[in-house]
Amino acid sequence: MNTMTATAAGTKVKGPLVWLDMDQGELDDAYDQNVYAPNRDQIAKRRLANSVAARRRLGEPARFAYGPTPIEGLDVYRTPTHPSTTSGAGKGDGAPVAIFIHGGAWRNGTAAEFTFLAEPFVHAGAHFAVLDFTNVDAAGGSLFPMVEQVRRAVGWVFRNAGKFGGDCNRLYLVSHSSGSHLGGCVVTHDWAKEGLPRDILKGATLSSGMYDLKPVRLSKRSKYVNFTDAMESELSAICHLDRLATPLVLSYGTCETPEFQRQTRDFAAAVKAAAKPVELLVGEGYNHFEMLETLANPYGLIGRAVLAQMRLS
C-alpha cells in the first residue's frame, strides 16, 4: 500500500518516505503548528488583548517608513529610562534597539499585534522596534520580497537610529517562527554590498524557526509558496554561514513539531561547526506559540536570554 490509509482497527499505514523518516502526511503535519498546538487560538486572543493593554500603558509607538510601499513601516516603542530619549542625543549616543520580526506562516501578522513584547525591553532601557512587511500571498507566492523588506528595515534602523534616540552600534534582532526564517536571512546577508558593517547586528535571538527550505518545499506549504531552486538555495540560512557575523541564540520548545525542533538543532550544530558563536536553548514543555510568550517575560526563557545578550537587566 503506497498511501496513508485507515485500517479496520483505525491505525494508519505509512506511505512512501518523503523526508527523513516521514511520509507526506507526517511531513505536512510537521510544518503545521495547529497539529501540535491545539491552544493556538486561545494564545492568539491573549496576544491581541495583551497588546491592547500594553499600548494603553506605553502609549502609541512612533511610526517610521523604511521603504516606498505602505506596508514598509516599523513601530518603535521608546524607552523613557535612557538619557538619550530626553537629551536629544544623536546617532551612536542612545539606547540599544531590539528589532522584532514576527511570524505567521509567512501569511499573517502585523506589528500592532506584538506590542505586548515591548514592555520588558522598554522598562529595561531599550527601544523596541516591530517590523511590518508584506506577506507571501500579497507577494504572489514569493518569499524574496519579504526577505528584501526586513533586510531593508534593519539597514534603515542602522542609518536612522538617532531619529528616535537609538544607538546604531547596539542593534539586536529578535524573531519567532517564520519570522526566524526571515531573521536567518538577515543575519546571513552580505551587508558589505550595501556599504554597511558585517556586524550591523551585535546579536540575534531566533526562536522556533526554519533555516533550510528543502523540507519545507516538500510540505503542504508549497501550496501557497511558489518555491524555486533559487529560493530554496538563496533563502536557506544554513547554506550561507560564511556570511554570518552575528552571535546567535537559538531556541525551540519540546512540544513544537518535530521538524521545527530538528531545524533549530541542525542550524545550531552547523553554526557551531563553522566556529561561529551560538547558544541553543530548549523550552521544556512549551509549544510553538507558548515559546513566544516567554519573550514578553524578563524571567522567561527567551526574554531573559535577549536581555542578557543586550547586557540589560
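Before we look at any residue, let me say that a residue is called buried when its relative accessible area is under 20%, and please keep in mind that what we have in front of us is a predicted model.

With that in hand, let us turn to Phe64, which is buried, as is Phe164, and Trp156 is buried as well. Searching the whole structure gives seven aromatic pairs, and I would like to go through two that involve Phe64.

In one of these pairs, the ring centres of Phe64 and Trp156 are 5.4 Å apart and the planes are at 40 degrees, so we call the pair tilted. If you follow the chain, you will see that this pair links distant parts of it, since Phe64 belongs to strand β3, residues 62-65, while Trp156 belongs to helix α6, residues 144-160, and the two are 92 residues apart.

The other pair joins Phe64 to Phe164, with ring centres 5.7 Å apart and planes at 45 degrees, so this pair is tilted too. Here again distant parts of the chain are linked, with Phe64 in strand β3 and Phe164 in the loop between α6 and β7, 100 residues apart.

Moving on to other rings, we find that Phe100, Phe114, Phe121 and Phe128 are linked into a cluster by ring pairs.

Finally, let us consider charges and rings. The charged end of Arg107 sits over the ring of Tyr224, at 3.9 Å from the ring's centre, and Arg221 lies over the face of Trp106, where the distance to the ring centre is 5.6 Å.

Methods
Residues numbered from 1 in each chain as written. Predicted model: local features only at pLDDT ≥ 70, side-chain atom pairs only at ≥ 80, totals over all residues. Heavy atoms only, no water. Phe/Tyr/Trp six-rings, centres within 6.5 Å; stacked < 30°, edge-to-face > 60°. Helix = DSSP H or I, 4+ residues; strand = E, 2+ residues; numbered from the N terminus. Buried < 20%, exposed > 50% of the residue type's maximum accessible area, 1.4 Å probe, protein only. Lys NZ or Arg CZ within 6 Å of the ring centre and 35° of its normal.
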